[in-house]
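What does a first walk through this structure show? Start with the view below, then read on.

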Amino acid sequence: MNEWTFIARAIPKGQPRVRATAFGKGRVRMWTPSSADQFKSAVALAAREALPADITPIRHGWTLACVFYLPRPQRLMGRKGGARERVPHIGRPDIDNLLKAACDALVDSGIVHDDAQLYWVTAAKYYAESGGEPRAEFHLSANTDTEVQNG
């Protein structure tokens, strides 16, 4: 099993939903907002720097552990011991949308072959430490004992 740890230094953004706009006579234009593009680029760049080029794309089963640190609101800055507290983030963006953006970035950048090969994931989201930077920390493992199956 090969393992890598990397940090994406950007504000975590969830993958937005696809939008549709009607125009003309029954014509529809489908598009995806670009609000998560900067975060996805940061994930891809951090992963490329951490993983050796000779093993990408990962074509085995893989696991992902990640912790998202979102911007800390002003109301939490003055708490006693705020710099050391790990305050859970229980609002939007949803954790599944954050994971979707991260997995899409890994696939789109060619780090992994297919996110369907992800077989185990653990994730958490917290507010960044007082004075700390928003970021996402990842631990990716490629299980070389698993074989890719067509399906």
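A residue is called buried when its relative accessible area is under 20%. Leu 64 has a relative accessible area of 0%, so Leu 64 is buried. The model is a predicted one.

**The sheet**

Leu 64 is found in strand E4. That strand belongs to an open sheet of four strands, in the order E1-E6-E4-E5. The pairing is mixed. Strand E1 (2-8) and strand E5 (118-127) are the edges, and each pairs on one side only. Neighbouring strands are turned by 10 degrees against each other on average, direction ignored.

Strands of a sheet pair through backbone hydrogen bonds, either parallel or antiparallel. Strand E4 (residues 61-70) and strand E6 (residues 135-143) run antiparallel, joined by nine bridges. Tyr 69 stands opposite Arg 135 in E6.

What does Leu 64 touch, leaving out residues up to four places away in sequence? The contacts are Cys 103, Leu 118, Trp 120, Val 121, Thr 122, Phe 138, His 139 and Leu 140. Ala 20 is 44 residues from Leu 64 along the chain, and their C-alpha atoms are separated by 32 Å.

**Two helices on the sheet**

Helix H1 (residues 37-50) lies across E1, E4 and E6. H1 runs at about 140 degrees to E1. Helix H2 (residues 95-108) also packs on the sheet, touching E1, E4, E5 and E6. The direction of H2 makes about 125 degrees with that of E5.

| Helix | Residues in helix | End-to-end C-alpha distance | Expected span |
|---|---|---|---|
| H1 | 14 residues | 20 Å | 20 Å |
| H2 | 14 residues | 20 Å | 20 Å |

The buried residues of H1 are Phe 39, Lys 40, Ala 42, Val 43, Ala 44, Ala 46 and Ala 47. They pack against E1, E4, H2 and E6. In H2, the buried residues include Leu 98, Leu 99, Ala 101, Ala 102, Cys 103 and Ala 105. Their cover includes E1, H1, E4, E5 and E6.

An α-helix has 3.6 residues a turn, so residues three or four places apart point the same way.

**After H2**

Ser 109 sits in the loop between H2 and E5. Is Ser 109 buried or exposed? Its relative accessible area is 15%, so Ser 109 is buried. Beyond its sequence neighbours up to four places away, Ser 109 touches Ala 44 and Arg 48. Its side chain reaches the backbone oxygen of Ala 105 at 2.8 Å. Gly 61 is 48 residues from Ser 109 along the chain, with 17 Å between their C-alpha atoms. Gly 110, just after H2, takes a positive phi of about 85 degrees.

**Aromatic rings**

How many aromatic pairs does a search of the whole structure find? There are four. In one of them, Phe 68 and Phe 138 meet edge-to-face. Their centres are 6.1 Å apart, with 85 degrees between the planes. This pair links distant parts of the chain: Phe 68 lies in strand E4 and Phe 138 in strand E6, 70 residues apart. Both Phe 68 and Phe 138 are buried. One aromatic cluster is made of Phe 6, Phe 39, Phe 68 and Phe 138.

Two of these rings return us to earlier parts of the tour. Phe 138 is among the contacts of Leu 64. Phe 39 is one of the buried residues of H1.

Technical notes
Residues are numbered from 1 along each chain as its sequence is written. This is a predicted model: local features need pLDDT of at least 70, side-chain atom pairs count only at pLDDT 80 or more; totals for chains, interfaces and linings use all residues. Side-chain values use heavy atoms; hydrogens and water are left out. Two strands pair if DSSP finds at least two bridges between them. Axes are lines fitted to C-alpha atoms, for helices over the stretch in contact, and angles run from 0 to 180 degrees between N-to-C directions. Contact means heavy atoms within 4.5 Å. Buried means under 20% relative accessible area, exposed over 50%, partly exposed in between (1.4 Å probe, protein chains only). A polar contact is a pair of N or O atoms within 3.5 Å; within protein, one must be able to donate a hydrogen and the other to accept it, and residues adjacent in sequence count only if both atoms are side-chain atoms. The expected span of a helix is 1.5 Å times one less than its number of residues. Rings of Phe, Tyr and Trp (its six-membered ring) pair if their centres lie within 6.5 Å; planes under 30 degrees apart count as stacked, over 60 as edge-to-face and the rest as tilted.
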